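Dear colleague,

I am passing on the structure that we spoke about, and I would be glad if you could keep it open while you read the notes below.

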Amino acid sequence: MKTLKYLCIAILFTSCGTIVNYDYEKSTDFTHYKTYDYFDDMQTGLSKFDSIRIISAIDAKLSTMGLKRSDSPDFYIDIQSSELMNRNNPNIGVGAGGGGAGGFGGVSVGIPLGGNQYTREIVIDFVDKSQNEKLFWQAVSESTYKANASVEKREATLAKLVEKIFEGYPPKK
């Protein structure tokens, strides 16, 4: 019974983490890119304040990587996000069975663990404007970001998310 308890706790903790998938154009020379800016018409899908928070977190991270924001950038950044509902809830199966001289029988019940989970998918695209808006790097993250959390919690969550996203930039070839 203890093993089942620890297994359930482990599943809950691992399922709440941030997942990030990366993709990029293999022929890209990432050392060429030193300056960036954001698209003017960017629709992040986040509130105005959370958009400012994620842009500030990206600016801080890219600055530590030696990239600078510029009015005449080498590439542009686009941020998009959407809320997703995960209907695949984990279940615990409980079963009972028995057998006798004349036959066998059994009962099984699935007990759901929690309700529907909402996650936020955030997509960050790096686009080379000089090459006809060629997409050269993309990160797609899915996390348990909550828009109704406190300001401090949202800011910390977005900062951690940006750190995780930029672990994959530039890609290790």
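What follows is a short account of one helix, the core, the aromatic pairs and the salt bridges.

Please bear in mind that this is a predicted model, in which local features need pLDDT of at least 70 and side-chain atom pairs count only at pLDDT 80 or more, whereas totals for chains, interfaces and linings use all residues. Residues are numbered from 1 along each chain as its sequence is written, and side-chain values use heavy atoms, with hydrogens and water left out.

I begin with helix α2, which covers residues 48-64 (helices here are DSSP runs of H or I with at least four residues, strands are runs of E with at least two, and both are numbered from the N terminus). With 17 residues, α2 reaches 25 Å from its first C-alpha to its last, close to the 24 Å expected (the expected span being 1.5 Å times one less than the number of residues). Among the buried residues of α2 are Ile-54, Ile-55, Ile-58 and Leu-62, but also the charged-group residues Asp-59 and Lys-61; buried means under 20% relative accessible area, exposed over 50%, and partly exposed in between, with a 1.4 Å probe and protein chains only. Ser-51 also lies in this helix and is buried at a relative accessible area of 10%. Leaving aside residues up to four places away in sequence, Ser-51 touches Thr-44 and Leu-46, where contact means heavy atoms within 4.5 Å. After the helix comes Gly-66, whose phi is positive, near 90°.

The largest nonpolar core has 32 residues, and those with the most contacts inside it are Ile-58, Ile-77, Ile-79, Ile-124, Trp-137 and Phe-166 (such a core is a set of buried Ala, Val, Leu, Ile, Met, Phe, Trp, Tyr and Cys residues joined through side-chain atoms within 4.5 Å). Its largest share, five residues, comes from α2. Ile-124 touches, among others, Ile-58, Ile-77, Ile-79, Trp-137 and Phe-166.

A search of the whole structure finds 17 aromatic pairs; rings of Phe, Tyr and Trp (its six-membered ring) pair if their centres lie within 6.5 Å, and planes under 30 degrees apart count as stacked, over 60 as edge-to-face and the rest as tilted. The rings of Tyr-33 and Phe-75 have centres 5.6 Å apart and planes at 90°, so this pair is edge-to-face, and it links the loop between β1 and β2 with strand β4, 42 residues apart. Tyr-33 is buried at 5% relative accessibility, and Phe-75 at 0%. Tyr-33 also pairs with Phe-136, with centres 4.0 Å apart and planes at 5°, so that pair is stacked; Phe-136 lies in strand β8, 103 residues from Tyr-33.

Turning to charged side chains, there are six salt bridges, each defined as a side-chain nitrogen of Lys or Arg within 4 Å of a carboxyl oxygen of Asp or Glu. Asp-59 forms one with Arg-69, the closest N and O atoms being 3.0 Å apart, and Asp-37, Asp-59 and Arg-69 are linked in a network of salt bridges. Asp-59 counts as buried at 18% relative accessibility, whereas Arg-69 counts as partly exposed at 46%. Lys-61 and Glu-163 meet in another salt bridge, at 3.3 Å from N to O; Lys-61 lies in helix α2 and Glu-163 in helix α3, so the pair ties together parts that are 102 residues apart in sequence.

With best wishes
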